[in-house]
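Good morning, colleagues. Please look at the sequence and the structure on the screen while I speak.

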Amino acid sequence: MISQQSRHCTVELQALPSRIGQVRRIVSAQLRYWHLDPLIERAALGVTELLSNVHRHAEPDKMCTVEMELLLGRLTVSVHDHDPRLPVVQDAEPFATCGRGLAMVAAVSESWGVRPHGESGKVVWFTLPASSPAVPKISPYNVRQPHDTGQTYDTGRRAAARGRRSEQAPARSAVAG
């Protein structure tokens, strides 16, 4: 019997604001690589909140490990830090600028939790349901006509070159991540 293959990604970092942005980009890129694009926003938001908690609260240091594992249709994202104190969900005041991170993680995830990691800290995790990987998208450029006549569709590049906008041209971002 062949079991479903596990996919795993680990990133070690110091939870500083500049590093948190880098990890968001790594999470996004890894999920794109695994063809799990629909999970990117929720996973990036969840990992940002967990890393922000490490940055704000963890002692004695800000070193942590982010792990993503895709197994049996479920993506688990976890953050291990060296602080043994367990986080507590708080009721934030309406105009408070902090204190909602774990509530947001709970809201965007299927489940979440925390477990002590012996004397070396704790692991805070959340899961997202991952449907089967999406079929890779075919590029809108150089799409062959039926029966492969060798001609390509005008995808708007020629119209744009003539100064007109084509309604078929897809919007594209030049910024990765």
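I shall describe the sheet, then the hairpin, and then the packing of the helices.

Please bear in mind that this is a predicted model.

Let me begin with the sheet. It is an open sheet of 5 strands, arranged in the order 1-2-3-5-4, with antiparallel pairing. Which strands stand at the edges? They are strand 1, residues 7-14, and strand 4, residues 111-116. Each of these has a single partner strand, so one of its sides has no neighbour in the sheet. From one strand to the next, the twist averages 15 degrees.

As a general reminder, strands of a sheet pair through backbone hydrogen bonds.

I turn now to the hairpin. Strand 4 and strand 5 form this hairpin, with 5 residues between them. In the turn, glycine 118 has a positive phi of about 60 degrees. Strand 5 covers residues 122-129, and 6 bridges join strand 4 to it in an antiparallel arrangement. Two of the pairs may be pointed out on the screen. Valine 114 has valine 124 in strand 5 as its bridge partner, while glycine 113 is partnered by tryptophan 125 in strand 5.

What packs on the sheet? Helix 1, residues 17-33, does so, and it touches strand 1, strand 2 (63-71) and strand 3 (74-81). The direction of helix 1 makes about 170 degrees with that of strand 1.

Helix 1 also meets helix 2, which spans residues 40-57. Their axes come within 9 Å and cross at roughly 155 degrees. The cut-off for roughly antiparallel is an angle over 145 degrees, so helix 1 is roughly antiparallel to helix 2. The crossing of these two helices is right-handed. Among the residues of helix 1 in this contact are Ile20, Val23, Val27 and Leu31; on the side of helix 2, they include Ala44, Val47, Thr48 and Leu51. By class, this contact has 11 nonpolar, 4 polar and 2 charged residues.

Helix 2 has a further contact, with helix 3, residues 101-108. Here the axes are 9 Å apart and the packing angle is about 155 degrees. Helix 2 and helix 3 are therefore roughly antiparallel to each other. How is this crossing handed, left or right? It is left-handed. Helix 2 contributes residues including Leu45, Glu49 and Leu50, and helix 3 contributes Gly101, Leu102, Met104, Val105 and Val108. The residues of this contact divide into 6 nonpolar, 3 polar and 2 charged.

Thank you for your attention.

Key
Residues numbered from 1 in each chain as written. Predicted model: local features only at pLDDT ≥ 70, side-chain atom pairs only at ≥ 80, totals over all residues. Heavy atoms only, no water. Pairing = 2+ DSSP bridges. Helix = DSSP H or I, 4+ residues; strand = E, 2+ residues; numbered from the N terminus. Axes fitted to C-alpha atoms, helices over the stretch in contact; angles between N-to-C directions. Contact = heavy atoms within 4.5 Å. Parallel < 35°, antiparallel > 145°, perpendicular 65-115°, else oblique. Left-handed = near helix turned anticlockwise from the far one by under 90°. Nonpolar A, V, L, I, M, F, W, Y, C, P; charged D, E, K, R; others polar.
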